[in-house]
Amino acid sequence: MKIYALTFLLYFIFTPPSPGQSTSNEMSNPISNDFGFTIEVGGIIPNTDYKTAELDISGRLLLEYFFSLSKVSSLGIRFSGSVGKLSGSDFSNDFVYPPVPENYITGFFSAGGGLVFAHSIGSSVPYFSFLVSGIFFNPLDENGYKLPNNQYSVYDKAALLYTFETGLRFPFSENWSFNLSLNYNISVTDYLDDIKANSNNDAFFGIYTGISFYFDFENDSDNDGVEDENDLCPETPENVVVDEFGCTIMDSNTYLAEYDSSKDQFISNGIFTDNNLFCFQVEILENLDKAESLKERINAKGNQAYILTVDIGNKLWYSVRIGNFNSFDAAVKYRNDYYKNLIND
């Protein structure tokens, strides 16, 4: 049964789920400025004085908060609680006196905290963490009786535990991620197996998989009502009216900022610029009345469309555009949202 459990975990590690969307090799860290609640299960393999290590099941809960360091990096505070058991057999082939039990089963609980560094790469978020915890353990035999040194209280059944971990998170929605991790836990005691046989303290490996739920805390540095994550104008002055991108009306209003049609040039994906402002083309038509009708329908839905007359092959065409925007990114984002709304309508 334990072999099947390990196979199951390794399957998920080497075949992680594909995210729904991926737009670039590097994107904003999706867990920055978020509070996360995580539940995971996994397998643990002890490294003690016994020769044979058994695979056992462990579970843990994590509470985390991630501070934004940059667009793609974040530093988090983590609190962790874990439960599980360690077991092993075959202490030695040599005769030992007093006799050492053939196997041990140590139940444990650990709780502590530390730091996590996460960096977004494409659609995944690799991370590294270091935790300091207290581990509380109770070595028993296969019948549930205390092992000899445990029975006579030779050692303290509480010790410090240092955990080094690396892992991957795969966000599959705005609030959820699928997780994979591998950690190594070093204790400051040699009695996790009830025996002190050498100078090395006992340790164990952990392999975990699970899910996280994130509570998004809005961060609006310039108090314009637009969250920093979506704010394309992050230093807007106070008491000014802004659009959905956090930019002032002057930044995006075609009537207040005039587009120089004589310098009109195409960039990509329907985006045009006059080397100062940006706009995107919805459609280009031969008939002016049809262009006017389309412009009115677009503006009726709260957009700012206008018609730009262009000469193509000694023939006038009427380009229906939306804008203007003070940056290429703002034009692209508005264009994507515009067509997304059309699909939803």
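Two rings of Phe, Tyr or Trp are taken as an aromatic pair if their centres lie within 6.5 Å. With this cut-off in hand, the aromatic residues offer a good way into the structure, which is a predicted model. Phe280, Phe325, Tyr334, Tyr338 and Tyr339 form one aromatic cluster.

A few overall figures help to set the scene. The protein has 345 residues, of which 42% are buried. Its secondary structure consists of five helices and 14 strands. Of the contacts between residues at least 6 apart in sequence, 62% join residues at least 24 apart. The accessible surface amounts to about 19,000 Å², and carbon and sulfur atoms account for 56% of that area.

Confidence deserves a word before the details. The mean pLDDT is 83, with 78% of the residues at 70 or more. In residues 1-26 the pLDDT is below 50, and this stretch has 31 contacts in the model beyond near neighbours in sequence. Residues 250-256 also have pLDDT below 50, here with 19 contacts beyond near neighbours in sequence.

Across the whole structure, the search finds 21 aromatic pairs. One of them brings together Phe108 and Phe204, whose ring centres are 5.4 Å apart; the planes meet at 40°, so the pair is tilted. Phe108 belongs to strand β5 (residues 103-119) and Phe204 to strand β9 (residues 203-216), so this pair ties together parts that are 96 residues apart in sequence. Both Phe108 and Phe204 are buried.

Phe280 and Tyr334, from the cluster introduced above, make another tilted pair, with 6.4 Å from centre to centre and 40° between the planes. Here a strand meets a helix: Phe280 is in β12 (residues 278-285) and Tyr334 in α5 (residues 328-344), and the two residues, 54 apart, link distant parts of the chain. Phe280 has a relative accessibility of 0% and therefore counts as buried. Tyr334, at 13% relative accessibility, is likewise counted as buried.

Aromatic rings also meet charged side chains. Arg60 is placed over the face of Tyr208, 4.4 Å from the ring centre. Arg321 takes up a position over the face of Phe272, and in this case the distance to the ring centre is 3.9 Å.

The strands towards the start of the fold can be followed one by one. Strand β1 (34-47) is followed by a loop leading to β2 (52-53), and Lys51 lies in that loop. With a relative accessibility of 53%, Lys51 counts as exposed, because the threshold for that class is over 50%. The C-alpha atom of Lys51 is 10.0 Å from that of Asn103, a residue 52 positions away along the chain.

Strand β1 runs antiparallel to β3 (residues 56-68), and 10 bridges join the two. Within this pairing, Asp56 of β3 stands opposite Ile44. Strand β3 is in turn joined by 11 bridges to β4 (residues 73-89), again in an antiparallel arrangement. Ser58 has Gly84 as its bridge partner in β4. The connection from β3 to β4 is a hairpin of four residues.

Note on methods:
Residues are numbered from 1 along each chain as its sequence is written. This is a predicted model: local features need pLDDT of at least 70, side-chain atom pairs count only at pLDDT 80 or more; totals for chains, interfaces and linings use all residues. Side-chain values use heavy atoms; hydrogens and water are left out. Rings of Phe, Tyr and Trp (its six-membered ring) pair if their centres lie within 6.5 Å; planes under 30 degrees apart count as stacked, over 60 as edge-to-face and the rest as tilted. Buried means under 20% relative accessible area, exposed over 50%, partly exposed in between (1.4 Å probe, protein chains only). A charge sits over a ring if NZ of Lys or CZ of Arg is within 6 Å of the ring centre and within 35 degrees of the ring normal. pLDDT is the predictor's confidence in each residue, from 0 to 100. Contact means heavy atoms within 4.5 Å. Accessible areas come from the Shrake-Rupley method with a 1.4 Å probe; for residues, only the protein chains shown count as cover. Two strands pair if DSSP finds at least two bridges between them.
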